[in-house]
Amino acid sequence: RGATQGHKGGVLSVAISSDGRTLASAGQEGQVLLWDLRTLSVVKQLGGHRKAVTALALRRDADELELYSASADRCVRVWNLEQRAFVETLFG
């Protein structure tokens, strides 16, 4: 069972899956948390950003559901939400 601990700083963005089961939240501390909305617990912590994560977006037209996290570190990280895994980093 996941932890119920949330972000250490402020929450800057949220995105919810189309099935309403998973919520992603982005924080000032550079983390993206995946929440199971049925249990209201954190099921995965997605790291890798060096600065605040300022935006989240879901891509539903891909083969598998993808989450994009944009950060003040000038990177966008792509995540596979179904596998809860890192895919790639886009630099800008």
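## The loop between β3 and β4

L40 lies in the loop between β3 and β4, the latter strand spanning 41–46. In this predicted model, phi of L40 is near 55°, a positive value in a residue other than glycine. L40 has a relative accessible area of 56% and is therefore exposed, the cut-off for that class being over 50%.

A second residue with this backbone feature is R84. Its place is the loop between β7 (75–80) and β8 (85–91). Phi of R84 is near 55°, again positive, and R84 is not a glycine. The relative accessibility of R84 is 37%, so R84 counts as partly exposed.

## D36 at strand β3

D36 belongs to strand β3. With a relative accessible area of 13%, D36 is buried, because buried is defined as under 20%. Leaving out residues up to four places away in sequence, D36 touches R21, S41 and V43.

The side chain of D36 has two recorded interactions with R38. One goes to the backbone: the D36 side chain reaches the backbone nitrogen of R38 at 2.7 Å. The other joins the two side chains in a salt bridge, with an N to O distance of 3.3 Å. The two partners differ in exposure: D36 is buried at 13%, whereas R38 is exposed at 58% relative accessibility.

## The salt-bridge network around R59

The structure holds 3 salt bridges. Besides the bridge between D36 and R38, there is one between D61 and R59, whose closest N and O atoms are 2.8 Å apart. R59 also meets E66 through its side chain, in a salt bridge of 3.7 Å from N to O. Because these salt bridges share a partner, R59, D61 and E66 are joined into one network.

The members of the network fall into separate accessibility classes. D61 is exposed at 63% relative accessibility. R59, at 35%, is partly exposed. E66 has a relative accessible area of 17% and is buried.

## The nonpolar core

The largest nonpolar core has 13 residues, and those with the most contacts inside it are V32, L56 and L67. Strands β2 (22–27), β3 (32–36) and β5 (53–59) each supply at least two residues of this core. The strand that gives the most is β5, with 3 residues.

V32 is one of the residues with the most contacts inside the core. Leaving aside neighbours within four places in sequence, V32 is in contact with A24, S25, K44, Q45, L46, V53, L56, L67 and S69. That list includes L56 and L67, which are also named among the core residues with the most contacts. It also includes S25, a residue of strand β2.

## S25 and its contact with H7

S25 is found in strand β2. Its relative accessibility is 4%, and S25 therefore counts as buried. The S25 side chain makes a polar contact with the side chain of H7, at 2.7 Å.

Not counting residues up to four places away in sequence, S25 touches H7, V11, S13, V14, Q31, V32, L33, W35 and L56. H7 is thus present both in this set and as the polar partner of the S25 side chain. V32 and L56 are also touched by S25, and both are named among the residues with the most contacts inside the largest nonpolar core.

## The aromatic pair

A pair of aromatic rings is described by the distance of the centres and the angle of the planes. The count of aromatic pairs in this structure comes to 1. The pair consists of W79 and F86, with 5.6 Å from centre to centre and 70° between the planes. The arrangement of W79 and F86 is edge-to-face, because planes over 60 degrees apart are classed that way.

The two residues are not alike in exposure. W79 is at 4% relative accessibility and counts as buried. F86 is at 40% and counts as partly exposed.

Terms used: Residues numbered from 1 in each chain as written. Predicted model: local features only at pLDDT ≥ 70, side-chain atom pairs only at ≥ 80, totals over all residues. Heavy atoms only, no water. Core = buried A, V, L, I, M, F, W, Y, C linked by side-chain atoms within 4.5 Å. Buried < 20%, exposed > 50% of the residue type's maximum accessible area, 1.4 Å probe, protein only. Helix = DSSP H or I, 4+ residues; strand = E, 2+ residues; numbered from the N terminus. Contact = heavy atoms within 4.5 Å. Polar contact = N/O pair within 3.5 Å; in protein donor to acceptor, adjacent residues only side chain to side chain. Phe/Tyr/Trp six-rings, centres within 6.5 Å; stacked < 30°, edge-to-face > 60°. Salt bridge = Lys/Arg side-chain N within 4 Å of Asp/Glu carboxyl O.
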